Amino acid sequence: MNKTLKQTLFWTPRIAGILFILFLSLFALDIFDMQLGFWETLLGLFMHLIPSILLTIAVIIAWKWEWVGAALFIGWAIWYMAFMRGFDWAAYIVIAGLPALIGLFFLAGWVWRKQIRGG
């Protein structure tokens, strides 16, 4: 396995996971349009950021244990598809498809971890 492929398999899921979390966090900004008080805004912002917080924890854990990242990101995609109803198909592709793809990258990194980290 060449060096470029090793680096790609190592860094792609981690960077993509961080970028997805940042993208998902953008949806929390709509709380500022609600004209709430300080404490209500703070509580609403926290509630909107719970998925981002959970996925951040997933990336932190997956940094060392790729199989956990694969399970958590693919699990997120399955959960989203099973429990979120009534959205446009594009929302499912973005909010479930991207984490599933990230999970598959973590899975590939785990499968080839000896070649990636071993030398």
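Visitor: Let's start with the rings: which residues do ring pairs link into a cluster with Trp-63?

Guide: Phe-10 and Trp-11 join Trp-63 in that cluster. Keep in mind that this is a predicted model. Searching the whole structure turns up 11 aromatic pairs.

Visitor: How do I read one such pair, and what is the geometry between Phe-10 and Trp-11?

Guide: The general idea is that you describe a ring pair by the distance of the centres and the angle of the planes. For Phe-10 and Trp-11, the centres are 5.0 Å apart and the planes meet at 85°, an edge-to-face pair. The cut-off for edge-to-face is over 60 degrees, so 85° puts this pair in that class.

Visitor: Are those two residues buried or exposed?

Guide: Buried means under 20% relative accessible area, so Phe-10, at 18%, counts as buried. Trp-11 has a relative accessible area of 38% and is partly exposed.

Visitor: What charged group sits over the ring of Phe-10?

Guide: That's the charged end of Arg-14, 3.8 Å from the centre of the Phe-10 ring. Arg-14 also lies over the face of Trp-63, here at 5.6 Å from the ring centre. Follow Arg-14 a little further and you'll find its side chain in a polar contact with the side chain of Glu-66, at 2.9 Å.

Visitor: Where is Arg-14 found, and is it buried or exposed?

Guide: Look in helix 1 for Arg-14. With a relative accessible area of 1%, Arg-14 is buried. Setting aside residues up to four places away in sequence, Arg-14 touches Leu-9, Ala-62, Trp-63, Glu-66, Phe-106 and Arg-117.

Visitor: Glu-66 takes me to helix 4. How does the span of helix 4 compare with what its 18 residues should give?

Guide: The idea is to allow 1.5 Å a residue and check the ends. Helix 4 covers residues 66-83 and should span 26 Å; its end C-alpha atoms are 25 Å apart, which agrees.

Visitor: Which residues of helix 4 are buried, and what covers them?

Guide: The buried residues are Glu-66, Val-68, Gly-69, Ala-70, Phe-73, Trp-76, Ala-77 and Tyr-80. Their cover includes helix 1 (3-26), helix 3 (50-62), helix 5 (89-111) and helix 6 (113-118).

Visitor: Back to helix 1, then. What does Thr-12 touch?

Guide: Thr-12 is found in helix 1 too. Not counting residues up to four places away in sequence, Thr-12 touches Gln-7 and Phe-105. The side chain of Thr-12 also reaches the backbone oxygen of Thr-8 at 2.7 Å. With a relative accessible area of 25%, Thr-12 is partly exposed. For a long-range pair, take Thr-12 and Gly-103: they are 91 residues apart along the chain, and their C-alpha atoms are separated by 11 Å.

Visitor: How far apart in space are Ile-31 and Ile-15?

Guide: Their C-alpha atoms are separated by 27 Å, with the two positions 16 residues apart along the chain. Ile-31 lies in the loop between helix 1 and helix 2. Even in that loop, Ile-31 is buried, with a relative accessible area of 3%. Leaving aside neighbours within four places in sequence, Ile-31 is in contact with Leu-36, Thr-41, Gly-44, Leu-45 and His-48.

Visitor: Which residue has a positive phi although it is not a glycine?

Guide: Gln-35, with a phi of about 55°. Gln-35 lies in the loop between helix 1 and helix 2 (38-48). At 70% relative accessibility, Gln-35 counts as exposed.

Visitor: Let's zoom out. How many helices and strands are in the chain?

Guide: Six helices and zero strands. The C-alpha trace spans about 55 × 30 × 20 Å along its principal axes. Of the 119 residues, 30% count as buried. Among contacts with a separation of 6 or more, 67% come from residues 24 or more positions apart.

Visitor: Which element has the lowest mean pLDDT, and which the highest?

Guide: The general idea first: where pLDDT is low, the predicted coordinates should not be read in detail. Here helix 6 has the lowest mean, 80, and helix 3 the highest, 95. The chain averages a pLDDT of 92, and 99% of the residues score at least 70.

Conventions:
Residues are numbered from 1 along each chain as its sequence is written. Side-chain values use heavy atoms; hydrogens and water are left out. Helices (H or I, at least four residues) and strands (E, at least two) are DSSP runs, numbered from the N terminus. The expected span of a helix is 1.5 Å times one less than its number of residues. Buried means under 20% relative accessible area, exposed over 50%, partly exposed in between (1.4 Å probe, protein chains only). Contact means heavy atoms within 4.5 Å. Rings of Phe, Tyr and Trp (its six-membered ring) pair if their centres lie within 6.5 Å; planes under 30 degrees apart count as stacked, over 60 as edge-to-face and the rest as tilted. A charge sits over a ring if NZ of Lys or CZ of Arg is within 6 Å of the ring centre and within 35 degrees of the ring normal. A polar contact is a pair of N or O atoms within 3.5 Å; within protein, one must be able to donate a hydrogen and the other to accept it, and residues adjacent in sequence count only if both atoms are side-chain atoms. pLDDT is the predictor's confidence in each residue, from 0 to 100.
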